[in-house]
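Trainee: I'm new to this one and would like to go through it with you. Can we look at it together, one piece at a time?

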Amino acid sequence: MSIMTNQEFSALVANYERLVYTVCYRLVQNEASAEDLTQETFLAAYTHWDSCPAGFEKPWLARIAANKAKDHLQSSYSRHTLLPGDESIPPGLSPPAEELAVSNSEMAAITEIIQNLREPYRQVCILYFLQECSPEETALRLGRPVKTVRTQISRGKLQIQEQWNRRSSNGTV
Amino acid sequence: MELFNPHGHLTDDALKSFSVGGPLTELERLEIAEHLDFCDECLMRSIEFLPEDALLTPACSCRDTLWKRIRQRAVRVLTSRYATAAAAIAIAAGLWSFNIFGGLVAGSAALSNTARYSQRQSDFSEKIEQLDRAVSDGLSRLNQLFDFGGGPAVSQTNPLQSQGGLSS
């Protein structure tokens with residue numbers, strides 16, 4: 001699909017504006033942001049119309065809307081959440097290597113935490129932390145974008161840390 | 001509520017909650033958006049969970065301002081292209097008028113034909129200036145073509161033809 005007239009594009013907007021707005025609103029839960037994202041979605045659709053598979057306008061637009069909402073939520077979420085790995089430890093303040101060594105029992109506890117993580121973090125963390133796959137390999141194996149996998153690794157790390165701290169405070173590790 | 005099943009796909013409960021605006025945290029909504037961004041299967045299922053009567057209507061339709069933004073973007077892209085081309089032509093003309101290119105062939109037989117060479121140089125400079133004027137005229141005509149003062153929201157011209165390069 002490569003050529004589209006103004007009338008066709010206007011019809012597309014008229015047909016799917018409510019769907020796109022609903023997807024955006026359900027995800028961002030803010031009317032003004034959802035309206036902005038709806039316009040951004042159609043602007044992107046107009047610019048990249050060539051890549052729309054014929055007959056699949058509806059899911060294609062829904063995907064762009066979800067993508068725009070994702071970017072919006074990511075920037076909003078990262079503004080008030082510091083993910084592990086984002087904070088940098090000055091080299092001189094890093095703990096000595098002997099303190100970083102993990103005992104067998106601790107390793108077993110960490111493995112158990114990872115195995116019990118909820119999706120969408122479990123498979124990603126098993127591949128990345130336990131099977132030592134790179135983010136790119138993990139993304140390839142799971143069919144997810146590398147950027148998403150990296151984000152999920154960071155959030156997975158945060159969840160592992162939280163559960164580890166909980167276990168430590170309970171004295172179960 | 002479990003958002004994802006053990007295979008990593010969205011559960012029916014998650015999609016139902018998404019479609020009716022159920023209580024989802026910001027992180028859960030972000031996880032759903034990230035998943036819908038790459039998973040075809042869940043994207044199609046999510047659309048099934050959004051029938052016509054479940055769709056919301058925006059208070060302010062984007063149709064009113066969408067074409068204006070498309071035209072603005074097209075003009076910005078074209079202006080940028082022509083500005084780059086005009087700058088390149090101006091630099092080339094400047095170098096030519098300072099005889100920079102002449103210096104490159106100074107040792108050649110061209111030195112013996114100085115008069116003829118100067119004539120060709122001035123002819124070329126004139127052509128460059130004509131080309132520059134033509135580009136500027138074309139650009140100003142293009143700017144006049146797009147009416148920002150508030151024409152109809154939907155233009156009668158085909159933007160894919162008149163705003164070349166945008167659709168690719």
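Mentor: Sure, and let's start with a term: a residue is buried when its relative accessible area is under 20%, exposed when that is over 50%, and partly exposed in between. Keep in mind that this is a predicted model.

Trainee: Okay, let me try that out on E17(A): is E17(A) buried or exposed?
Mentor: E17(A) sits in helix α1 of chain A, residues 6-28. Buried means under 20%. The relative accessibility of E17(A) is 3%, so E17(A) counts as buried.

Trainee: Which residues is E17(A) in contact with, leaving aside neighbours within four places in sequence?
Mentor: Look in both chains here. From chain A, the contacts of E17(A) include L12(A), T38(A) and F42(A). From chain B, E17(A) is in contact with P58(B), S61(B), C62(B) and R63(B).

Trainee: Moving on to T41(A), is that residue buried or exposed?
Mentor: T41(A) belongs to helix α2 of chain A, residues 31-47. Its relative accessible area is 0%, so T41(A) is buried.

Trainee: And what does T41(A) touch, not counting residues up to four places away in sequence?
Mentor: One of its partners is V20(A). Those two are 21 residues apart along the chain, with their C-alpha atoms separated by 7.7 Å. The full set touched by T41(A) is V20(A), C24(A), L61(A), I64(A), A65(A) and K68(A).

Trainee: Let's do a helix. How far apart are the end C-alpha atoms of α5(A), and what span should we expect?
Mentor: Helix α5 of chain A covers residues 104-115, which makes 12 residues. At 1.5 Å a residue the helix should span 16 Å. The end C-alpha atoms agree with that, being 16 Å apart.

Trainee: Where do the buried residues of α5(A) lie around the axis?
Mentor: The buried ones are A109(A), I113(A) and I114(A). They cover an arc of only 135° around the axis, which puts them on the same side of α5(A).

Trainee: Which residues are exposed on the other side of α5(A), and what do the buried ones pack against?
Mentor: On the other side, N104(A) and S105(A) are exposed. The buried residues of α5(A) pack against two helices of chain A, α6 (122-130) and α8 (146-170).

Trainee: I'd like to hear about the backbone too. Which peptide bond is cis?
Mentor: Most peptide bonds are trans. Here is one that isn't: its omega is near 15°. P120(A), on one end of that bond, lies in the loop between α5 and α6 of chain A. The cis bond runs from E119(A) to P120(A).

Trainee: What is the phi of Q29(A), and is Q29(A) buried or partly exposed?
Mentor: Most residues other than glycine have a negative phi. Q29(A), in the loop between α1 and α2 of chain A, has a positive phi near 55°. With a relative accessible area of 35%, Q29(A) is partly exposed.

Trainee: What about E132(A): what is its phi, and is E132(A) buried or exposed?
Mentor: Find E132(A) in the loop between α6 and α7 (135-142) of chain A. E132(A) is not a glycine, yet its phi is positive, about 55°. Its relative accessible area is 66%, so E132(A) is exposed.

Trainee: Over to chain B. How many helices and strands does chain B have?
Mentor: Read from the N terminus on, its elements run α-α-α-α-α-α-α. That gives chain B 7 helices and 0 strands.

Trainee: Is P23(B) buried or exposed?
Mentor: P23(B) is in the loop between α1 (12-20) and α2 (26-36) of chain B. Not counting residues up to four places away in sequence, P23(B) touches S17(B) and E28(B). A relative accessible area of 77% is over the 50% mark, so P23(B) is exposed.

Trainee: Last one: which element gives the largest share of the lining of the second largest pocket?
Mentor: This pocket has a volume of about 270 Å³. Of its 13 lining residues, the closest to the centre are P59(A), W60(A), R63(A), D40(B) and L43(B). The elements giving two or more residues are α3 (57-80) of chain A and α3 (40-48) of chain B. The largest share, 6 residues, comes from α3(A).

Notes: Residues are numbered from 1 along each chain as its sequence is written. Chains are lettered from A and ligands numbered from 1 in the order in which they are written. This is a predicted model: local features need pLDDT of at least 70, side-chain atom pairs count only at pLDDT 80 or more; totals for chains, interfaces and linings use all residues. Side-chain values use heavy atoms; hydrogens and water are left out. Helices (H or I, at least four residues) and strands (E, at least two) are DSSP runs, numbered from the N terminus. The expected span of a helix is 1.5 Å times one less than its number of residues. Buried means under 20% relative accessible area, exposed over 50%, partly exposed in between (1.4 Å probe, protein chains only). The arc is that of the directions from the helix axis to the C-beta atoms. Contact means heavy atoms within 4.5 Å. On a 1 Å grid over the protein atoms alone, a cavity is a set of points where a 1.4 Å probe fits but cannot get out, and a pocket is an open set with protein on both sides within 12 Å along at least five of seven lines; lining residues have an atom within 4 Å of a point. Grid points are joined across faces, edges and corners, and a volume is the space filled by probe spheres set on the points.
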